[in-house]
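Here is a walk through a two-chain model, best read with the structure open beside the text. Have a look at it, then follow along below.

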Amino acid sequence: MDWVNAVVQGTLLGGLYALFAAGLSLIFGIMRLVNIAHGDLIVLGSYLGLVVVTATGMHPLVALIVAVPVMAVLGYVLQRGILNQTLGDDLLPPLLVTFGLSVIIQNALLEGFTADPQKMNAGAIETASVSVGGLQLGVLPLLTFAIAVGVIAALQWMFYNTALGRAFRAVSDNQEIAQLMGLNRRHVFGLAMGLALAVTAIAGIFLGIRTSFDPAAGAGRLIYGFEAVIIGGLGNLWGTLAGGVILGVSQTLGAKIDPGYQILAGHIAFLVVLAVRPQGLFPRVSG
Amino acid sequence: MPDPLLSLSALDAHYGDFQALYGVDMTLMQGEVLAIIGANGAGKTTLMRSISGLSQNAPNQITYINQPIGALRADQVAGLGIALVPEGRQLFPSLSVEENLLIGERMGRKGPWSLQAVFDLFPILEERRAVASTSLSGGQQQMVAIGRALMANPDLILFDEISLGLAPVIIKSIYDALPGIVGSGMSAMIVEQDISKALSVSDRLYCLQEGRVALEGASQGVSREAISAAYFGVGS
């Protein structure tokens with residue numbers, strides 16, 4: 001039963017990792033941009049939530065209604081203002097610029113909030129649990145997982161059933177021809193980054209409720225996000241969810257063997273997938 | 001004489017570091033069908049890229065309805081009512097046939113072309129509307145590419161090598177559909193390697209040779225000798 005419990009808890013943890021990874025997956029899929037600052041943007045989302053909660057006394061989950069649109073606008077401005085200029089045939093400029101952005105965000109947060117760990121207080125929901133078939137499941141992890149599934153289902157639906165999703169796929173396929181269809185790729189990329197950072201705000205707030213965070217916490221989130229994307233297969237959002245779950249389960253199983261193995265087990269699972277199936281478990285079927 | 005729909009004046013254009021067009025002058029009247037012929041490397045595709053905004057030029061080198069458009073981006077040019085059927089079809093592989101057509105429509109310009117009108121023109125596409133665009137034959141893909149451009153309800157449609165790589169019977173069926181497209185008052189520019197096809201559907205022709213206009217005239221009036229002289233740069 002302990003092992004079953006570890007698998008179930010790991011699956012729920014995977015929901016959080018999928019939230020970390022969804023924005024990363026989205027922007028890589030649409031514009032082939034590898035965003036090194038993604039982890040720091042998640043942490044920025046956490047701090048944004050903290051500021052809203054502190055200033056207004058809102059519940060952290062209610063603060064989402066402020067944090068999500070603010071991060072979305074920030075994403076659009078960031079893309080139109082800076083990142084669009086780095087996109088081209090060469091993958092290196094966006095890597096370098098987002099790396100610089102990562103350093104800037106970390107130091108700005110350090111300047112503004114000091115290095116002290118912070119945490120958002122969500123009250124009773126943090127410790128509440130429900131009993132299912134002899135397992136005690138935390139309400140917060142359950143909610144996180146449900147939100148992750150909801151976010152990915154919504155993104156997937158948007159991608160395949162709306163004009164915006166069609167525009168994303170067209171620009172991703174062929175930027176020049178998409179321009180001929182009247183799609184301004186700079187604007188489409190801005191919308192994609194806005195959407196990615198909206199998801200990032202959700203990830204940041206759930207992160208900030210679940211654990212403490214500090215300005216340097218982004219790097220770890222970036223790694224988990226990357227690993228979930230790669231395990232699941234590039235450009236496949238449901239694959240990203242599966243990748244997050246595999247990562248989460250590996251970690252809780254590792255911790256079951258020995259608490260010191262938790263992080264290591266996740267990385268090993270990632271390396272095994274990379275070695276056996278470098279294209280990921282569920283790569284997007286092209287063509 | 002009324003103002004032309006499109007005019008090029010002293011258009012210089014580059015293909016990478018290579019200058020592909022030298023001082024090209026050209027006019028297209030409302031409702032006219034122009035054929036652009038010329039050997040490989042004569043600058044035909046560069047001409048299409050310049051007009052459609054895929055490559056930028058000085059603003060006044062290209063004028064459309066008395067408005068300088070040489071420096072506009074492709075999405076802005078598309079919004080003014082110029083559509084390009086690109087060489088090699090270039091459908092969006094991750095979109096279905098129907099989605100490829102629908103994306104052409106997003107400009108929201110009014111006109112006779114709709115999903116149903118395109119399906120009436122090419123009935124095979126209605127049957128195959130839900131399949132991936134990559135699973136179509138070359139000729140069917142070309143029909144989608146033409147339909148996608150028509151969905152924008154353009155005033156001017158540019159066809160770049162629409163018969164390239166297709167079987168003669170398919171080429172014939174596509175050219176048979178052309179009068180139905182341009183008959184509705186739409187102006188067109190047709191880049192074509194097959195000279196007799198180009199002459200049969202056009203009002204006037206321009207022959208490019210190494211980036212310059214070597215010949216222009218009414219399609220029915222020019223002699224074969226004049227065309228081959230302009231095409232190859234020999235004789236006369």
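## Chain B and its partner

In chain B, 64% of the contacts with a separation of 6 or more are between residues 24 or more positions apart. Bear in mind that this is a predicted model. The predictor puts the complex at an ipTM of 0.90 and a pTM of 0.91. For chain B, the mean pLDDT is 91, with 98% of the residues at 70 or more.

What does chain B contain in the way of helices and strands? There are nine helices and 10 strands in chain B. Its radius of gyration comes out at 17 Å, close to the 18 Å that the globule rule gives for 236 residues, so chain B is as compact as a globular protein of that length. Laid along its principal axes, the C-alpha trace of chain B spans about 50 × 40 × 35 Å. Of the 236 residues in chain B, 44% are buried.

**The sheet.** Six strands of chain B make an open sheet with mixed pairing, in the order β6-β7-β8-β3-β9-β10. Which strands stand at the edges? Those are β6 (82–85) and β10 (212–218) of chain B; each has a single partner strand, so one side of each is left without a neighbour in the sheet. From one strand to the next, the twist averages 15°.

As a reminder, strands of a sheet pair through backbone hydrogen bonds, either parallel or antiparallel. At the β10(B) end, β9 (residues 204–209) of chain B pairs with β10(B) in the antiparallel sense, over six bridges. To find that pairing on screen, start from Arg204(B), whose bridge partner in β10(B) is Ala218(B).

Two helices of chain B go with this sheet, and the table sets them out.

| Helix | Strands touched or crossed | Angle |
|---|---|---|
| α6(B), residues 138–150 | β6(B) and β7(B) (156–160) | about 175° with β6(B) |
| α9(B), residues 224–232 | β3(B) (33–38), β9(B) and β10(B) | about 35° to β9(B) |

So to speak, α6(B) packs on the sheet at β6(B) and β7(B), while α9(B) lies across β3(B), β9(B) and β10(B).

**Where the chains meet.** How many residues of each chain are in contact with the other? The count is 16 residues of chain A and 22 residues of chain B. On the chain A side, α6 (163–173) and α7 (175–180) of chain A each supply at least two residues. The largest share, five residues, comes from α6(A). By type, the chain A residues that touch chain B divide into six nonpolar, six polar and four charged.

**Two backbone oddities.** Most residues other than glycine have a negative phi. Thr114(A) has a phi near 60°, a positive value in a residue other than glycine. You'll find Thr114(A) in the loop between α4 (92–113) and β1 (129–132) of chain A. Is Thr114(A) buried or exposed? Thr114(A) counts as exposed, because it has 11 C-beta neighbours inside 10 Å, and 12 or fewer is the cut-off for that label.

Ala10(B) also has a positive phi, near 50°. This residue sits in a strand, β1 (residues 6–15) of chain B. With 12 other C-beta atoms within 10 Å, Ala10(B) is exposed as well.

Methods: Residues are numbered from 1 along each chain as its sequence is written. Chains are lettered from A and ligands numbered from 1 in the order in which they are written. This is a predicted model: local features need pLDDT of at least 70, side-chain atom pairs count only at pLDDT 80 or more; totals for chains, interfaces and linings use all residues. Helices (H or I, at least four residues) and strands (E, at least two) are DSSP runs, numbered from the N terminus. A residue is buried if 20 or more other C-beta atoms lie within 10 Å of its own, exposed if 12 or fewer, and partly exposed in between; C-beta atoms are placed from the backbone. pLDDT is the predictor's confidence in each residue, from 0 to 100. The radius of gyration is taken over C-alpha atoms; the globule rule is 2.2 Å times the number of residues to the power 0.38. Two residues are in contact if their C-beta atoms, placed from the backbone, lie within 7 Å. Two strands pair if DSSP finds at least two bridges between them. Axes are lines fitted to C-alpha atoms, for helices over the stretch in contact, and angles run from 0 to 180 degrees between N-to-C directions. Ala, Val, Leu, Ile, Met, Phe, Trp, Tyr, Cys and Pro count as nonpolar, Asp, Glu, Lys and Arg as charged, and the others, Gly among them, as polar.
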